[in-house]
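Open your viewer and get ready to select residues by number. This tour takes a few stops, one after another.

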Amino acid sequence: MAKVVLVTGANSGVGLALCERLLDEGVHLCLGCRNMQRAETARLALLRSHPSAEVDVLQVDTSSTASVLKAAQEFKLRYNRLDYLYLNAGIMPNPQFDVKAFFRGVLTGQVIGMLATGVGILTQKDSVTPDGFQEVFATNLFGHFLLFRELESLLCSGGQTSQLIWTSSSNAQRSALSLEDIQHRGGSQPYSSSKYASDLLSLALNTHYNQQGLYSSVTCPGFVMTNLTYRVFPSFPAFLWTLLMPVFWLIRLFTNTFTLTPHNGAEALFWLFKQKPEALDPYSKYHSLTSGLGYTYTEARKMDIDLKTSEALYEKLLQLESEVKRKLQDQQRTFKGPEFSLLK
């Protein structure tokens, strides 16, 4: 029987590159996307290269509680199992490049590392969703947590082994996350905060679910040229990025995190598909890397995480999930409308 795989953010550059490689393994693939028109475009593109493949689409916007609950409900009606859940959807809204920090990095010799991770030179301006959550927190973390919780019965069933695989980032920094402000309402690095939170959450999920056959891992795609990268410098014309490519290739001689292409960035995500999850290290992040000669590979690197903090975050997310569901139940009792029949 073909493995069932759900990929959120499937129509992104790295997500689509991952899907291409997964179809080579004969999986039954479900593309989780916010925009259904783009999802269908991605599905048709995948079917052109894999005409006999099973490729479905599922509308899910991880920034919206109602969308996540509806998607999970629909998924459970369609499928009776789920082997791999790739939590790949993510946003970095309104990225701002700190020029002063960049030149400080040049003077201190830290500029290569800063360019490779974005640490210290990228800030973002977050917004609030209609549900009242910070958008980055909801999209990158809480929506995925809620999706996992709703699909838990399919992931932890029948004695099967299943995997959660998160797309994290080398930008994930302990200093960006406060347990007193897990949504990062009071800071300027919501992306880093959300990605560090996903690293912590993955550890907590392993603690609570490994005995049920569910394993969680986190990956980093490296520095990939995608729309997200281009938005950091929106005024740059396309030809300038082309001119910069030889510079990026040169930087590979000093750092292997410049994967540059979506195919290379998806390396760790695909590598994890091929591994026995029991043998993976829950304290490591699996990085997509590319050598100076263009060889792509995966490397495990220890994360700056600890069990106590991961448990504290997990409990806060469970509490938030409970509050969200209680609110929806109250709305359902008040309005009795079909849009509030999501909790079953």
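Start by selecting Asn11. Its relative accessibility is 19%, so Asn11 counts as buried (buried means under 20% relative accessible area, exposed over 50%, partly exposed in between, with a 1.4 Å probe and protein chains only). Asn11 sits in the loop between β1 (4–8) and α1 (13–23). Helices (H or I, at least four residues) and strands (E, at least two) are DSSP runs, numbered from the N terminus.

A note on what you are viewing: this is a predicted model, where local features need pLDDT of at least 70, side-chain atom pairs count only at pLDDT 80 or more, and totals for chains, interfaces and linings use all residues. Residues are numbered from 1 along each chain as its sequence is written, and side-chain values use heavy atoms, with hydrogens and water left out.

Stay on Asn11 and show its contacts. Which residues does Asn11 touch, leaving aside its neighbours within four places in sequence? They are Cys33, Arg38, Ala39 and Ala42. Contact means heavy atoms within 4.5 Å.

Next, select Asn35. This residue lies in the loop between β2 (28–33) and α2 (36–49). Is Asn35 buried or partly exposed? Asn35 is partly exposed, because its relative accessible area is 35%. Now add Gln59. The two residues are 24 apart along the chain, yet 7.1 Å separates their C-alpha atoms.

Move on to α3 (65–78). This helix has 14 residues. From first C-alpha to last, α3 reaches 20 Å, close to the 20 Å expected at 1.5 Å a residue (the expected span is 1.5 Å times one less than the number of residues). Colour its buried residues: Thr65, Ser67, Val68, Leu69, Ala71, Ala72 and Phe75.

Now look for a cavity. On a 1 Å grid over the protein atoms alone, a cavity is a set of points where a 1.4 Å probe fits but cannot get out, and lining residues have an atom within 4 Å of a point. The model has two cavities of 30 Å³ or more. Select the lining of the second largest, including Thr65, Val68, Phe133 and Leu146. α3 and α6 (135–150) each give two or more residues to this lining. α6 gives the most, with four.

Finally, zoom out to the whole chain. You should find 13 helices and 10 strands. Of the 344 residues, 53% count as buried.

Conventions. On a 1 Å grid over the protein atoms alone, a cavity is a set of points where a 1.4 Å probe fits but cannot get out, and a pocket is an open set with protein on both sides within 12 Å along at least five of seven lines; lining residues have an atom within 4 Å of a point. Grid points are joined across faces, edges and corners, and a volume is the space filled by probe spheres set on the points.
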